[in-house]
Amino acid sequence: MQEEEVLAEFRASKALLEGHFLLSSGRHSAHYLQCARVLMNPARAARLAVALAAKLPHDIRKRIAKVVSPAMGGVIIGQEMGRALDVDAMFVERPDGTFELRRGFALEPGDEVLMVEDVVTTGLSSREAIRAIEAAGGKVIAAASLVDRSAGTVDLGVPYFPLVALNFPTYAPDELPQHLAATPAVKPGSRAQP
Ligand SMILES: O=P(O)(O)OC[C@H]1O[C@H](OP(=O)(O)OP(=O)(O)O)[C@H](O)[C@@H]1O
Ligand SMILES: O=C(O)c1cc(=O)[nH]c(=O)[nH]1
Ligand SMILES: [Mg+2]
């Protein structure tokens with residue numbers, strides 16, 4: 001799938017939002033990709049997962065034993081990546097603030113894992129998820145996401161394969177441009193506010 005085709009899927013699902021958003025990292029942006037809208041159509045979710053799986057080099061792809069994603073945003077694309085790669089998919093969640101495997105999910109010691117996200121902006125959630133997977137005995141050999149909002153600048157500590165890389169500006173709370181400072185921010189994600 002070419003970048004323009006991926007963006008067409010986002011546009012068709014009305015997932016490209018404009019306004020004033022407080023992101024998971026605490027940074028602000030005038031743009032938000034609501035991946036839940038992209039993934040609410042199961043056929044579209046499956047198509048995008050097949051395209052994302054095709055981004056993985058063959059030597060990495062054939063080693064993947066499990067897919068693990070950070071909830072909530074990673075759950076649906078993680079499940080679809082499990083289907084595309086024909087491996088089990090599970091998720092980490094943070095009811096007490098730190099990602100952990102729950103619900104009877106477990107990794108075998110040394111299981112080679114693909115960490116799958118919906119969006120990577122600063123990489124904070126991805127790095128936290130990778131830590132949780134490794135604490136549970138897994139070995140994260142690569143990461144993948146539908147969107148890399150860092151436009152290729154993020155370092156997750158493992159090879160990282162996004163389906164599409166975009167560069168929407170983000171701002172620290174004390175450096176908001178006038179047009180954002182003038183409107184209240186909405187926070188679409190589920191990370192607890194500090
Ligand atoms: O790279 P980062 O700066 O960490 O930002 C990206 C993260 O933010 C969103 O999750 P969020 O914490 O908003 O919660 P959600 O997955 O429940 O929507 C998104 O799903 C990624 O996990
Ligand atoms: O950084 C985020 O929290 C974030 C950005 C974005 O565009 N979409 C999203 O779901 N989360
Ligand atoms: Mg998330």
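Mentor: Before we dig in, a salt bridge here is a side-chain nitrogen of Lys or Arg within 4 Å of a carboxyl oxygen of Asp or Glu. Keep in mind too that this is a predicted model.

Trainee: OK, how far apart are the closest N and O atoms of Glu 175 and Arg 27?

Mentor: The cut-off for a salt bridge is 4 Å. Glu 175 and Arg 27 do form a salt bridge. Their closest N and O atoms are separated by 3.6 Å.

Trainee: And how many residues apart in sequence are the parts that this pair ties together?

Mentor: Look at where each partner lives. Arg 27 is in the loop between strand 1 (16–22) and strand 2 (28–33), while Glu 175 is in the loop between strand 8 (160–165) and helix 7 (178–181), so the parts they tie together are separated in sequence by 148 residues.

Trainee: How many salt bridges does a search of the whole structure find?

Mentor: Glu 175 with Arg 27 is one salt bridge. Searching the whole structure gives a total of 11.

Trainee: On to the ligands. Which element gives the most residues to the shell around ligand 1?

Mentor: Two elements, strand 6 (112–120) and helix 6 (124–135), each supply at least two residues of that shell. The biggest giver puts in 4 residues, and that's strand 6.

Trainee: Which side chain has an N or O atom 2.4 Å from an oxygen of ligand 1?

Mentor: There are 18 residues around ligand 1, and among those that come nearest are Asp 118, Thr 122 and Ser 190. The side chain of Ser 125 has an N or O atom 2.7 Å from a ligand 1 oxygen, and a polar backbone atom of Gly 73 is 2.8 Å from one. The 2.4 Å contact comes from the side chain of Glu 117.

Trainee: How much of ligand 1 does the protein bury?

Mentor: Ligand 1 fills the space of the largest pocket. On its own, ligand 1 exposes 490 Å². The share of that area buried by the protein is 92%.

Trainee: What about ligand 2, which charged residue is in its shell?

Mentor: The shell splits into 4 nonpolar, 2 polar and 1 charged. Its members are Leu 23, Ser 24, Tyr 32, Leu 33, Val 119, Thr 121 and Arg 149. Since Asp, Glu, Lys and Arg count as charged, the one we want is Arg 149.

Trainee: Which residue has a backbone N or O atom 2.9 Å from a nitrogen of ligand 2?

Mentor: Two contacts go to oxygen instead: a polar backbone atom of Ser 24 sits 2.8 Å from a ligand 2 oxygen, and an N or O atom in the Arg 149 side chain is also 2.8 Å from one. The contact to nitrogen is made by Leu 33.

Trainee: Anything odd in the backbone? Which residue is joined to Ala 71 by a cis peptide bond?

Mentor: Omega for that bond is about -5°. The partner is in the loop between strand 3 (66–70) and helix 5 (74–85). That partner is Met 72.

Trainee: And which residue has a positive phi although it is not a glycine?

Mentor: Check the loop between helix 1 (3–12) and strand 1. The residue there has a phi of about 55°, and its name is Lys 14.

Notes:
Residues are numbered from 1 along each chain as its sequence is written. Chains are lettered from A and ligands numbered from 1 in the order in which they are written. This is a predicted model: local features need pLDDT of at least 70, side-chain atom pairs count only at pLDDT 80 or more; totals for chains, interfaces and linings use all residues. Side-chain values use heavy atoms; hydrogens and water are left out. A residue is near a molecule or strand if one of its heavy atoms lies within 4 Å of it. A polar contact is a pair of N or O atoms within 3.5 Å; within protein, one must be able to donate a hydrogen and the other to accept it, and residues adjacent in sequence count only if both atoms are side-chain atoms. Accessible areas come from the Shrake-Rupley method with a 1.4 Å probe; for residues, only the protein chains shown count as cover. On a 1 Å grid over the protein atoms alone, a cavity is a set of points where a 1.4 Å probe fits but cannot get out, and a pocket is an open set with protein on both sides within 12 Å along at least five of seven lines; lining residues have an atom within 4 Å of a point. A molecule sits in a cavity or pocket if more than half of its atoms lie within 2 Å of its grid points.
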